[in-house]
Structures are given as C-alpha cells and as structure tokens.
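Visitor: I should be grateful for a close look at a single helix of this model, together with its surroundings. Please treat the chosen part in some detail and then place it within the whole.

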Amino acid sequence: MGDILVGTCSWTDRALVGSGWYPAGRRDAEGRLRYYAQRFPVVEVDASYYALPSERNSRLWVERTPDGFVFDVKAFSLLTGHPTRSAVMPGGLPPDARDPAVLDEVWARFAEGIGPLRRSGRLGSVLFQFPPWLRAGAGAEAFVEECARRAEGWPLAVEFRHPSWWEAGRAEATSALLARCAMAAVGVDMVQSLPSSVPPVTPVTSPRLSVVRFHGRSTAWGTGSKEDRFRYAYGAEELGAWVPRLRRLADRVEQVHVLFNTCCGDASVRAAELMSGLLGLSTDGRTPRADGPSTDEPSADAPSTDGPSAGGLPTGDPSTGDPHLP
C-alpha cells in the first residue's frame, strides 16, 4: 500500500497565522514552516500561482523541513491560462501567453525556482489548476498536452475546474489524456448543488500519485467573499466517508496527497488533523498506527469512486505568505 500524506493548501495563510494555531515564538517564516512540518508531511505552495517561485525560497524550504516532507507547488498563473499581472512578470516581459518567447522565459524561470525542491526529492507535484472556463475539447486537450511536454520529467497533477471534463461519456477520455501525459488526476470534494460543481471522482491516471483536494461545501463557492467561499468545517462523518476511497487509492499508487483548502481560521489544519486520525496515521502524518482504525467498507453515503455524481480572484500578498486561490 502506498503512503497517504495529509496536509493543507498553504501554511502561511493570514487567517491561519491569526488563528492562534501557531504557538508564540513560532510565528516567523522559519518557525511556521518548522512547526507545520512537525505535524504534517505535505503542504501546497499557493504563492507560486501569483508570482514565480524563487530558488532562494525553495532552498530555505528544503533546509527547514525534515526528510520525507514534500511540497505540492501550484503552477504560475500564466502557465495555466489565467490572467497575470504585469507587476509579477520577470524582466518586464508582457503577460502574453500567446508569445512563444514569453512562455519560454516564464517556463525557464519557473523551473529554476523549483529546482532545489526537485533536486532534493521534496517536490511532491506541480499542480496545474486549470481555469473554470477551460471546457473539455480538442483545443483544451492540446493545451494540457503542451503543459505536459514542457514539464516532462516533473511529478504533475491536474485539477480541472469545469465539470465537462468529468461528465458521463467524457470522463474516460479525460482519464486517458492525463495518463498519456503522465499527469495525476486531482479529485475534489466540494458543494454539489451548483452548475459549476465538479463531481467527486477519483480516477487513477498515474501509478505514482493521486491527489484529493477538499474545498469545503459552501454554497457561496464562486460568488461570495473569500471568507464565504471557504468558511467550512468538515465533520467526522463527512471525512469518514472518504476514508475507504483514500485507502483504495493508496492500494493503486505510491502516494496519495490529501489537502484541505478550507482556509478560514484554523479550519484546514483541524480538518487535516481529523482526517489523519480517521485514517489511523501517527503524529508524523504518514505512518499507520498499530491501533489505527481498520474499517475498509465505504459508508452508505460515500461518494462514487469512479463516476460523476449528480448534482474575481481572492486577494493576497506573496511577500508575506501564500495568497490563497480556490
């Protein structure tokens, strides 16, 4: 069975820092990461979506975390087809994804920035979270394939935010696309009552990795403020329904990354702690406890494993921590 690594989508979100979860004396940049890494084995880097990652920061992250700890790094906005501010572009380049020279330079800078993580074995994945307007189709498939070509050799994961990719009759082709590109499919848990809701499918498209991101189930998703979108506290019953599915994924891949995106206050770390307990993980967040839970049967209301079920960017400051993106 592969490892199940549980963590959160950012360790420096302002709401988390202000929640009191970090103890006194551990709230500076180094202290936060060291404290977090003592409690979880994986974290998602969100700031790399808003600004290109720096080689210096990557080196510091390696130095401040123990062996076995990994970072899932979000791809820079220009690389996933999102709007990008001129102020964060390197060397005064225009934020024009249609210019091959611009793309070449941005890809090179991104690769340089994550280099220390790759060389140290700390890069869990590069997460390509494609925009909600990227609908499944030939042109979109070509875009995904181009991303995979440019990132060849990196551990890759893909989250589609338009539900068309996982609709009945299309899901098999999407899985095949990601498998050809050596990209792990990202499953999501989110509210299922909205037209934009992505179904909670968990196909395996890479033998190395599977990722599940928990966005919360707020009905304000896509419309409310950041606090409205992410104000959600998962309960034991909701998370328990996922436990058998996560274990089945771990039977098929080397690692499963379980990441909580509920960034209001300490909701994400509390949910991650709860999920770790339900999975029977010890305090290092990855080793099963000898006396851990052994329930392998899905509950009656567990979401489907393989098929679809029925059913303005937030602000942040990359200089002070990870800004947060859904």
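**Helix H9 and its surroundings**

Guide: In this predicted model, helix H9 spans residues 171-180, and its buried residues are Ala171, Thr174, Ser175, Leu177 and Leu178. These residues lie on the same side of H9, because the arc they cover around the axis is only 160°. The general geometry of such an element is relevant here: an α-helix has 3.6 residues a turn, so residues three or four places apart point the same way. On the face turned away from the buried side, H9 carries the exposed residues Glu172 and Arg180.

The buried side has identifiable neighbours. Its residues pack against helix H8 (138-150), strand S5 (156-159) and strand S6. One of the buried residues, Thr174, deserves separate mention. Thr174 belongs to helix H9, and its relative accessible area is 0%, so Thr174 counts as buried. Leaving aside residues up to four places away in sequence, Thr174 touches Phe160, Trp165 and Trp166. Just after the helix, Ala182 adopts a positive phi of about 55°.

From H9 one may proceed to the strands. Strand S6, one of the elements against which the buried residues of H9 pack, comprises residues 183-190 and pairs with S7 in the parallel sense over 5 bridges. Within this pairing, Val186 has Val211 of S7 as its bridge partner. Strand S7 is also joined to strand S8 (residues 255-260), by 6 bridges, and these two strands run parallel. Here Arg213 is matched with Leu259 in S8. Strand S7 itself covers residues 209-216; 8 of its 8 residues are buried, and S7 is therefore largely enclosed by the rest of the structure.

Helix H8 leads to the cysteines. A search of the whole structure finds 0 disulfides. Cys147 accordingly takes part in none, and the nearest cysteine sulfur, that of Cys181, is 9.1 Å away. A disulfide would require the two sulfur atoms to be within 2.5 Å. Cys147 has a relative accessible area of 2% and is thus buried. Cys9 is likewise classed as buried, at 3% relative accessibility.

A further buried site is found in a loop. His82 is located between helix H5 (77-80) and helix H6 (100-113). With a relative accessible area of 6%, His82 falls under the 20% limit and so is buried. The His82 side chain forms a polar contact of 2.8 Å with the side chain of Thr80. Apart from residues up to four places away in sequence, the residues touched by His82 are Tyr49, Ser77, Gln129, Phe130, Pro131, Trp133 and Arg161.

Finally, the whole chain provides the setting for these details. The chain contains 13 helices and 8 strands, and 55% of its 326 residues are buried. About 13500 Å² of the chain is exposed, of which carbon and sulfur atoms supply 51%. To return to the helix with which this account began, H9 has a buried side that packs against H8, S5 and S6, while Glu172 and Arg180 are exposed on the face turned away from it.

Terms used
Residues numbered from 1 in each chain as written. Predicted model: local features only at pLDDT ≥ 70, side-chain atom pairs only at ≥ 80, totals over all residues. Heavy atoms only, no water. Buried < 20%, exposed > 50% of the residue type's maximum accessible area, 1.4 Å probe, protein only. Helix = DSSP H or I, 4+ residues; strand = E, 2+ residues; numbered from the N terminus. Pairing = 2+ DSSP bridges. Arc of directions from axis to C-beta. Contact = heavy atoms within 4.5 Å. Areas by Shrake-Rupley, 256 points an atom, 1.4 Å probe, with all protein chains shown as cover. Polar contact = N/O pair within 3.5 Å; in protein donor to acceptor, adjacent residues only side chain to side chain.
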